[in-house]
Amino acid sequence: MIPTNFEYHKAKSVDEALSLLQQHNGDAKILAGGHSLIPAMKLRLNQPATLIDIAKIPELSYIREEGDQIVIGAATTHGAIANSGLMQGALSMYAEAASMIGDLQVRNIGTIGGSIAHADPAADWPAVLLASDAQIVVSGSGGSRTIAATDFFTGFYETALNEGEIITAINVPKPPANTNSSYQKFMQPASRFALVGCAAMVTKEGDTCTKASVAFTGVSENAFRDINVEGAMFGQSCTAESIDSASALAADGKFILSDHFASEEYRKHLATVYAARALNAAC
Ligand SMILES: Cc1cc2nc3c(=O)[nH]c(=O)nc-3n(C[C@H](O)[C@H](O)[C@H](O)COP(=O)(O)OP(=O)(O)OC[C@H]3O[C@@H](n4cnc5c(N)ncnc54)[C@H](O)[C@@H]3O)c2cc1C
């Protein structure tokens, strides 16, 4: 399939991209890596009259420390995050998740901002952003605002992004001492998207878990934090037994997807297994 005709603009700055979006008033779409948008256009699920390419805007592509957070530009590729030294240590789940996305070509072109704007229910980044309490910075004609990851992913391919807004950055708080993280996923064998993906971040005092953040993707209509698993880990020793009993609560009370790749029952089972793997690795 080939897409319908469209106009193409290459923006040199965020301001130019925002003004182009305004000029084309609802009929334009942002193009970043194009790895989700172009296939959707080829299938004619999406037929924008205008594409505004932001992939080469320098102010959108970086990973840097800013005070007590690490900031990732929205057009930073998955590959750049996978290879980032800043994303090692307590935030290593970022590098882990990035290195598991698609193949080399997808990782070298696809962007973190494009992935979270698209909000595929099986995408990897949403779980990682949720588990790390990330904030998403967006710009629109009225200025900038920051949205907590917990408020950003609102449904099946749905986000809190308004028409005419561009994601410019992801702010990730630097974790406290004695914190580690891990992202584990069961991949759909062809696409490598997550049938179930689990991101876990654990802070310990001695061997006791003083904070656990656990988030899933692939399991429900959108990625979510699992407060049942988190609550069951709190105050526990990080033993295989406590991790297994907390993980057994994974996705309890959630609507669970079912399709020809994985039934509801199988996904729920995978959620418990991958919660245990992520928590074990983070502990
Ligand atoms: C073969 C293949 C395998 C893949 N495997 C995986 C996988 O294992 N895990 C995974 O998570 N993903 C996977 N993906 C998806 C991939 O990660 C995409 O790169 C990603 O979903 C979209 O990012 P993009 O930069 O390509 O965005 P685009 O396709 O350019 O854009 C996607 C959507 O986001 C909007 N958008 C883009 N950037 C912004 C922005 N800064 N602000 C506001 N809106 C924006 C666009 O308008 C569009 O609606 C795979 C894709 C392919 C083709």
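Two residues are taken to be in contact if their C-beta atoms, placed from the backbone, lie within 7 Å, and this is the sense in which elements are said below to cover one another. By that criterion, what covers the buried residues of helix α1 includes β1 (7-10), β2 (28-31), β3 (50-53) and β10. The model is a predicted one, and the points below describe an open sheet of five strands, an open sheet of four strands, and helices that lie against them.

**Helix α1 and its surroundings**

- The residues of α1 that count as buried are Ala17, Leu20 and Leu21; viewed down the helix axis they fall within an arc of 100°, so they line one face of α1.
- An α-helix has 3.6 residues a turn, so residues three or four places apart point the same way.
- Asp15 and Gln23, by contrast, are exposed and belong to the other side of α1.
- Helix α1, which spans residues 14-23, lies across β6 (135-140) and β10 (166-173), and its direction is at about 135° to that of β10.
- Just after the end of α1, asparagine 25 adopts a positive phi of about 35°.

**The five-stranded sheet**

- This open sheet has its strands in the order β4-β5-β10-β6-β7, and the pairing is antiparallel.
- Its edges are formed by β4 (63-66) and β7 (143-148), each of which pairs on one side only, while the twist from one strand to the next averages 25°.
- At the β4 edge, four bridges join β4 to β5 (residues 69-73) in the antiparallel sense, and within this pairing glutamate 65 stands opposite isoleucine 70 of β5.

**The four-stranded sheet**

- Here the strand order is β11-β12-β13-β14, in an open sheet whose pairing is again antiparallel.
- The edge strands are β11 (179-187) and β14 (224-225), and each of them pairs on one side only.
- β11 runs antiparallel to β12 (residues 194-205), to which nine bridges connect it; serine 181 has methionine 201, in β12, as its bridge partner.

**Helices on the four-stranded sheet**

- Helix α4 (residues 92-99) packs on this sheet, where it touches β11 and β12, and its direction makes about 15° with that of β11.
- Helix α11 (residues 264-282) lies across β11, β12 and β13 (208-217), and runs at about 35° to β12.

Key: Residues are numbered from 1 along each chain as its sequence is written. This is a predicted model: local features need pLDDT of at least 70, side-chain atom pairs count only at pLDDT 80 or more; totals for chains, interfaces and linings use all residues. Two strands pair if DSSP finds at least two bridges between them. Helices (H or I, at least four residues) and strands (E, at least two) are DSSP runs, numbered from the N terminus. Axes are lines fitted to C-alpha atoms, for helices over the stretch in contact, and angles run from 0 to 180 degrees between N-to-C directions. A residue is buried if 20 or more other C-beta atoms lie within 10 Å of its own, exposed if 12 or fewer, and partly exposed in between; C-beta atoms are placed from the backbone. The arc is that of the directions from the helix axis to the C-beta atoms.
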